[in-house]
Structures are given as C-alpha cells and as structure tokens.
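Reader: Hi, could you walk me through this structure slowly, since I am new to reading models like this?

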Amino acid sequence: MLRYLLFVVLSALSLANPVCAAQIIVGNLGFEKIPVGQDRRVVGTWLLKTMACTRSIEEVGDRYFMVSRCKGKKADGTGLPIRKMNAALYEGQTTNWSYEIADNGSLIMRNRKGVELIGEPHADPWP
C-alpha cells in the first residue's frame with residue numbers, strides 16, 4: 001500500500017512539473033537518476049575491499065555524483081548528489097557524508113556519527 005501511495009505521489013509530481021521529474025529523490029537515501037546526454041567525467045574511482053564495492057565521483061554537466069558499483073549487482077544509473085567544496089573535498093547534498101581525496105589518493109568517507117570508510121584507488125569502475 002505504501003509503495004502504491006508513493007508511486008501515485010511521484011507520478012502526480014512528475015505530471016505537474018516535468019522539469020522536476022528528473023530530480024526526484026529515489027528512496028530515503030537521496031539517490032537520483034544521473035542525467036543522460038551530458039558530458040560525464042569520472043573524477044576518481046576507489047575500491048572498498050570490505051564491501052566488494054567501488055565508489056566513484058562523477059561530474060555530469062555542472063553537478064557531481066557519488067556512484068556505487070557492487071560485485072554481483074547491475075548498474076542502475078543512479079548516484080548520490082554531492083557538491084564540490086574544493087579540489088579534494090566533496091559533501092553529500094542529501095546525506096551527512098563527506099568525501100575527501102587524501103594526498104596518497106585514497107578516498108576517506110566520513111559521516112557525522114564518526115563512521116569512516118576508506119577506499120583505495122582503483123582503475124576499473126567495477127570491483
């Protein structure tokens with residue numbers, strides 16, 4: 001029932017304003033469909049060994065996304081919107097995570113609760 005209600009609300013929003021339809025947040029985490037038809041540049045890719053997943057920061061037009069790819073899962077074309085603070089620091093727009101590219105090339109992901117994950121540079125976008 002809740003899924004049906006969510007579908008009805010999102011459908012109504014997309015019909016009311018098609019421009020906003022592409023910006024609708026998917027689920028509670030804030031994932032968005034990454035816009036297609038725009039230049040897409042990978043800033044960097046990192047492997048999280050403990051999760052068998054990679055994270056990549058991707059620039060799409062004038063926006064940035066944190067994209068997750070995990071072993072055994074298909075790409076879904078979504079990412080978390082992030083904002084670039086400086087050349088080495090990004091912050092989640094819908095989450096409380098920050099993403100710092102360390103001097104050694106590692107990605108340090110932190111949330112405000114003290115959780116810290118570290119990704120090592122990885123050449124391939126998939127684990």
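Author: What follows is a short talk about some strands, two side chains and the pockets. This is a predicted model, in which local features need pLDDT of at least 70 and side-chain atom pairs count only at pLDDT 80 or more, while totals for chains, interfaces and linings use all residues. Residues are numbered from 1 along each chain as its sequence is written, and side-chain values use heavy atoms, with hydrogens and water left out.

Reader: Okay, where does valine 42 lie?

Author: Valine 42 lies in strand β2, residues 40-48, where strands (E, at least two residues) are DSSP runs numbered from the N terminus.

Reader: And which residues does valine 42 touch, leaving out those up to four places away in sequence?

Author: Valine 42 touches Ser56, Ile57 and Glu58, where contact means heavy atoms within 4.5 Å. The C-alpha atoms of valine 42 and isoleucine 57 are separated by 6.0 Å, although the two residues are 15 apart along the chain.

Reader: How do β2 and β3 pair?

Author: β2 and strand β3 (residues 53-60) pair in the antiparallel sense over eight bridges, and two strands count as paired if DSSP finds at least two bridges between them. They form a hairpin with four residues between them, and alanine 52 in the turn has a positive phi of about 55°.

Reader: What are the bridge partners of leucine 47 in β3 and in β9?

Author: In β3 the partner of leucine 47 is threonine 54, whereas in β9 the partner is glutamate 120. Strand β9 (residues 116-121) runs antiparallel to β2, and two bridges join them.

Reader: Switching topic, is glutamate 32 buried or exposed?

Author: Glutamate 32 is buried, because its relative accessible area is 6%, and buried means under 20%, exposed over 50% and partly exposed in between, with a 1.4 Å probe and protein chains only. Its side chain makes a polar contact with the side chain of arginine 63 at 3.0 Å; such a contact is a pair of N or O atoms within 3.5 Å, where within protein one must be able to donate a hydrogen and the other to accept it, and residues adjacent in sequence count only if both atoms are side-chain atoms.

Reader: Why does valine 42 count as partly exposed, then?

Author: Valine 42 counts as partly exposed because its relative accessibility is 44%.
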